[in-house]
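Reader: I'm new to protein structures and would like to look closely at one strand and what surrounds it. Could you walk me through it slowly?

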Amino acid sequence: MSRILSKVDLQNTSKSNIGSVDASLWTCIIPAAGRGSRLGYSLPKVLYPILGKPILHHLVGLFQKYCSRFIVVASPKGAQEIQKELESCCNSIDFGIVIQEEPKGMAHAVWQARNITKTPHTVVVWGDQICLRDETISTTLAYHQSNSANVLTFPTVIKKDPYIHFQRDDVGRILKVLQKRENEINTEVGENDCGFFSFSTNSLFSVLKNGLKSPVSLGTQTNEVNLLQLFPQFEMRNYQVNTLRIAHEDETLGVNTLEEAQTAELILIDRK
C-alpha cells in the first residue's frame, strides 16, 4: 500500500500517534565511495569542504541526534582518509566503515553494510545531501517509526527540471523511478526526492538481496545497480510505503560541481 501525505495531512495527524524519533532504533548509512573529480578534488567527495567543514561533517551533524550509529561506505583508496576525519572531528559518534571494492552503484554500496546494521530502522542518505532541513528529517523518521508496517518513508518535492521522477499508478504506487542520468526523463515537471530515505532494515536488505541479481536494478546508460530502481519492489510486499510531500526544493540539491558547492554554501548561510 502506498500513501502520499502533505504537510496538512501530517498536521492533522495526532502528534501522539507519530511521537518523537528514538535514536537507538536508527542506523545511518552514507554511501561515500565517490571521488570529488567534478569538484576538482583529489580526495573522497565527502571530505570536500563546505563553509570550512567537510561534507561528511555536515551530514553527521544533520543526523547525529536521530541515529545511534553511522556506517560510511568507502572506496579502498578513500577509507583511510575518511576514518581519520571521523576519528579527529566526529569521535563522539559510533561509526563503522565498510568497503565497496568496485563502484557498482548505490544499491551495491548499501548492501556492503548488511552485516553491521543491527537497528530495526535504517536511514540511507547520499553523501552530498547537506541541504536537508532538520524538520524534514525529524518528521520523516518519526512518521516511519510510528507504524511497524512502514517499510519505506521518504520526502519528495514537485519541481521543474527534475533529476529524478517517480512514475506512479492511479493510487500512487511507485511503478518506476526515472533518472536524468539514465536519459529517462522527458517531463518538464516531476517528483524529485531529496537523497534521503528511511527503511525497515529487514525489508531493505531483503529487497537488495533479490534486487542485486535482477536486471531491473541496472541503469540503462550507466549499467550501475541503482537503489531507486528497486523502490517498486517495496510496493509488492503488502506493507506501507510513505511519500511525504514536505520538502523544500533546495533540499534536493546534491554537491557534484563547483557551482553546486557554491549554491549549497549560499543556502546554508541564508538559513543562519
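In S12, which residue is the bridge partner of leucine 152?

Author: Happy to help! Leucine 152 has phenylalanine 199 as its bridge partner in S12. Before going on, two notes on how to read this. The model is predicted, with local features needing pLDDT of at least 70 and side-chain atom pairs counting only at pLDDT 80 or more, while totals for chains, interfaces and linings use all residues. Residues are numbered from 1 along each chain as its sequence is written, and side-chain values use heavy atoms, with hydrogens and water left out.

Let's start with the strand itself. S8 covers residues 150-160 (strands are DSSP runs of E, at least two residues, and helices are runs of H or I, at least four, numbered from the N terminus). Of the 11 residues in S8, 9 are buried, and the strand is described as mostly covered (buried is under 20% relative accessible area, exposed over 50%, partly exposed in between, with a 1.4 Å probe and protein chains only).

Now for the partners of S8. Pairing here requires at least two DSSP bridges between two strands. With S13, residues 240-245, S8 runs parallel, and 5 bridges join them. Look for phenylalanine 154 there: it stands opposite threonine 243 in S13. S12, residues 196-200, runs antiparallel to S8, with 2 bridges between them. Your leucine 152 and phenylalanine 199 pair belongs to this part of the picture. S11, residues 189-193, also pairs with S8 in the antiparallel sense, over 5 bridges. In that pairing, lysine 159 has glycine 190 as its bridge partner in S11.

Next, follow the chain onward from S8. In the loop between S8 and S9 you will find aspartate 161. Its phi is positive, about 50°, although aspartate 161 is not a glycine. Aspartate 161 counts as exposed because its relative accessibility is 52%. Beyond the loop, S9 takes in residues 164-168, and 4 of its 5 residues are buried. S9 pairs with S10, residues 174-179, in the antiparallel sense over 5 bridges. One pair to look for is glutamine 167, whose bridge partner in S10 is lysine 176. The two strands form a hairpin with 5 residues between them, where glycine 172 takes a positive phi near 95°.

Two residues you have already met come back in a group of rings. Trp126, Phe154, Phe166, Phe197, Phe199, Phe231 and Phe234 form one aromatic cluster. Phenylalanine 154, which stands opposite threonine 243, is therefore in the cluster, and so is phenylalanine 199, the partner of leucine 152. The structure holds 12 aromatic pairs (ring centres of Phe, Tyr or Trp, its six-membered ring, within 6.5 Å; planes under 30 degrees apart are stacked, over 60 edge-to-face, the rest tilted). Phenylalanine 231 and phenylalanine 234 make an edge-to-face pair, because their ring centres are 6.1 Å apart and their planes stand at 90°. Both of these residues lie in helix H8, residues 231-235, and they are 3 residues apart, about one turn of the helix. An α-helix has 3.6 residues a turn, so residues three or four places apart point the same way. Phenylalanine 231 counts as buried because its relative accessibility is 0%, and phenylalanine 234 is buried at 0% as well.

To see a second strand with partners on the same model, try S5, residues 69-74. It is mostly covered, with 5 of its 6 residues buried. S2, residues 26-31, pairs with S5 in the parallel sense over 5 bridges, and proline 31 stands opposite valine 73 in S5. S6, residues 95-99, also runs parallel to S5, joined by 5 bridges. Here phenylalanine 70 stands opposite phenylalanine 95 in S6.

A covered helix is worth a look too. H3, residues 55-63, has 8 of its 9 residues buried, including Ile55, His57, Leu59 and Phe63.

Finally, leucine 51 makes a good companion to aspartate 161. Leucine 51 has a positive phi of about 55° although it is not a glycine. You will find leucine 51 in the loop between S3, 49-50, and S4, 53-54. Leucine 51 counts as partly exposed because its relative accessibility is 32%, whereas aspartate 161, at 52%, counts as exposed.
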